[in-house]
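This report covers the fold, the cores and the confidence of one protein model. The structure comes first, then the account.

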Amino acid sequence: MKPIKLVISGIGPYGDRMPEIDFQSFDLNMPILIAGETGAGKTMIFDAICFALFDAASGSYRSTDSLRSEYAPPGTESYVEFTFAHQGRIYRIYRQPSYMRPLKRGTGFKLEKEKAVLYPGDDTPIEGIKAVNQAVQELLHVDEKQFKQLAMIAQGEFWGLLNAKTEERTGILRHIFMTEGYKAMELQLRERRGKAIKAADVLERSLIQYFCDAEAELGSPLAEEISQLQEQLRKSGGIGSIEEMLSLLDRAIEADVPMEAELAEKLAALREALQELQKDLALAENTEHNLKKYNGLVKELAGLRERLADCEKREQQLAEAEKALQEKIRSLQSGREQLSSVPERLAACQQEINALRELADRLGSLQSQQVPRYGRAKKRLAELQEGLESAQSAHAAAMRARLDGEMQLERNRAGILAKKLVAGQPCPVCGATMHPSPAELPEKAVTEADVKKLQQQEKKAEAARSSAAAEAAAARAELATLDSQIGSYMLECLKSGCWLEAVARGEAFAMEIPAEAGLRQLYELVQLQAGQLAALLQKKRESAADLQGRAKRLQQVEKELAEASGRDTEALQLKRQKLLKERENARTAVADREGQRQLLEQLALKIGTGGSGGNSGNDGNDGNDGNGGSREAELAEYRGQLQRKISENKVQQQECQEALGRIRRRRENNLSRRAKIAGLQGEFAAARHEAHIISRLYNLVSGQTGKGKLTLEQYIQAAGFDSIIRAANRRLIPMSDGQYELYRQEKELGNKSHTYLDLEVLDNYTGRRRPVRNLSGGESFKASLSLALGLSDKVSSELGGISMDALFIDEGFGTLDKKSIEKAMEILLKLSDSNKLVAIISHREELIEAVSQQIQVTKTRNGSSLAIELGK
């Protein structure tokens, strides 16, 4: 990787877009110096390159989320654009950090998200943070940390470069020396070894399991041998000799052959004997069956004859039941005729009850609602009359008071005028000059305001009187209306009541009510009529209750008549049919059984004494008396003996069959196990051989052949790292005046394989080696610079995937004296001769004077700026 161009905009101390740094314009045969005062932003150039490539700053104390410049104007974008060459192709990468910028319109801020785009020549651009990061790492074959070790020596990190552990250097050297294949070989061999060992173990476990399933006759010496070997295999888990297993199985299989033949012969003899016993048993059972059948027929005939007699008896009972049912039907029909008029009479009575109840409700409403309402209206009218009289009195009093006030006011006016009269002067009212009796002022004075107040009180009293008069008139009209309505209602109720009484008595209605009868007289007649109606209603209800009872009786009679005429009659008919059928069946059965009995008597069976002659009649003999019972007992005992012998034979057969089946299964199992073991014998031997070969090869590649442990990859990396150290010592020895040389740590190699790439330094002045971490600051920088140059040389010479044609050194010269700086510059100048870009950041005056081509960084109040000096 070789830098071509770098553009920085709004990053770190650079508030605006800086002029692009064209690295191709510099003379690559000389180092480039980035100069400027402390804090000006020299290191930010390295940060920008590292951020562009790996989304990370070059130092350990700067993060990407703080890259936005504090000096950047609102319209300035923050980004880094880096163009570089790698393996003959040109790449350009654009990366923008996340930052907050002011809104273009209005107040507030907007978050600009992080962006990244990689332009690989003419190919399709790669966009997105993760995609670009992955593409850069695949292109350069290093990550951010490895890149700093190879191409950048950042400020304060020289010690880390020099003291990096084996694990950190392994990743870089794996790409440089292309040792991925050796590591992959080790992993593949380890996987193949595991699979081979597992396959051999599976086969071995299968062989052990097959043999452990083998059997031999219990208690035999061969069974003891097999059991001992099975126990040994279970405990050890490994097979000693497959031939021994096969030999034992062959012996067990051969031992079962004569035993199987003997049991088969015994089983055949038992089966033949069983057939003879079963024939004898069948004959005995047949004889016993015929005897039992004859005795059963005799008993069955007796039962059938009893059934026949019972049928005739039940037939007579059925005739009597039919006669009783016909009598019941006639009685129910007579009762139905007597009760046929009850429903009509009940309906008429119910109508009268409903009419009486309705009239009673109306009379009740009259007594509970209308009469009390009339009383309330009458009482209210009396109260309003009293209020009207009171209002009239109050109005008269107010009117008198007003008249008295007006008269008193006139007197007051005359008295005031009389006080002003003078004898001889005319009166302003009558013109007289003589005033013999002038008016005098009363003791109580009345003003016009008092008179007006009295007038208002009179008007108020008049309004109250008018309102009371209106309310009294309205109440009087309401009372008159109620009087008329209630009177009419009472007359209507009385007429309805008289009509109902006449209907109850069966008479025509004729009643006259005096026209001059008042409301009270009508009310008294209504109360009398209510009492009579209540008695009449009770009487009608009693009649209705009696009629309802008769109606229910009529329903019951009709139901019983329907059942008797239908269901009961039909049931009796079905019983008769069933009985006739049963009687016919019984007669047929008697005839059939009698024929069978006669047929059995004709057979050559000796039943009792004298054959069957004594049992052929119908005298009820059951055939079990005399010698018949003895014959049945003998047959039963003989049959029992045969059944016991048959059971014993079957038990012996089952035992023999089980033993024979056990031997056959054992022999078949042993044959199957032997075949499987013999079939796996060759496969197991091949699997064990393959596991052995692969295990030896894996142990060799993984470094497990001796006491030490150094893998093949580690061995190759260590050899390659030695060449890097030799290249580094070509710079370090002259730079340190021959005092220091770097060495790879080799003591206890193998026991601590994770330190095989660790470094130590030889002090030629003392002749002793010591850890590199004990070097001073200046010494560490010299050693780090030498190591970085050695890495660079090795990367350039090897054909690995890493290509670094640039080296950046940040402020490492501050710890060197003038002589060491001169020697370091000589080495860097020689390095530049190889067309490698070497850039140094420093503020040392010696370097500013020695290096002519520079990138000068100037610090101002408004941020830093860049200036390019190409030198002479």
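## Overall make-up

How many helices and strands does the protein have? There are 16 helices and 18 strands, taken as DSSP runs (H or I of at least four residues for helices, E of at least two for strands) and numbered from the N terminus. This is a predicted model, in which local features need pLDDT of at least 70 and side-chain atom pairs count only at pLDDT 80 or more, while totals for chains, interfaces and linings use all residues. Residues are numbered from 1 along each chain as its sequence is written, and side-chain values use heavy atoms, without hydrogens and water.

Of the 872 residues, 40% count as buried (under 20% relative accessible area, 1.4 Å probe, protein chains only). Among contacts (heavy atoms within 4.5 Å) with a separation of 6 or more, 72% join residues 24 or more positions apart.

## Nonpolar cores

The largest nonpolar core (buried Ala, Val, Leu, Ile, Met, Phe, Trp, Tyr and Cys joined through side-chain atoms within 4.5 Å) has 69 residues, and Leu53 and Leu742 are among those with the most contacts inside it. Helix α1 (residues 43–54) gives the most to this core, with 10 residues.

Leaving out residues up to four places away in sequence, Leu53 touches residues including Phe82, Arg95 and Phe147. A second, separate core of 24 residues includes Leu207 and Leu680.

## Confidence

The mean pLDDT (the predictor's confidence in each residue, from 0 to 100) is 79. Among the elements, strand β6 (residues 89–96) has the highest mean, 95, and helix α4 (residues 158–162) the lowest, 59.

Over residues 604–627 pLDDT stays under 50, and the model has 35 contacts beyond four places in sequence for them.

Conventions: Buried < 20%, exposed > 50% of the residue type's maximum accessible area, 1.4 Å probe, protein only.
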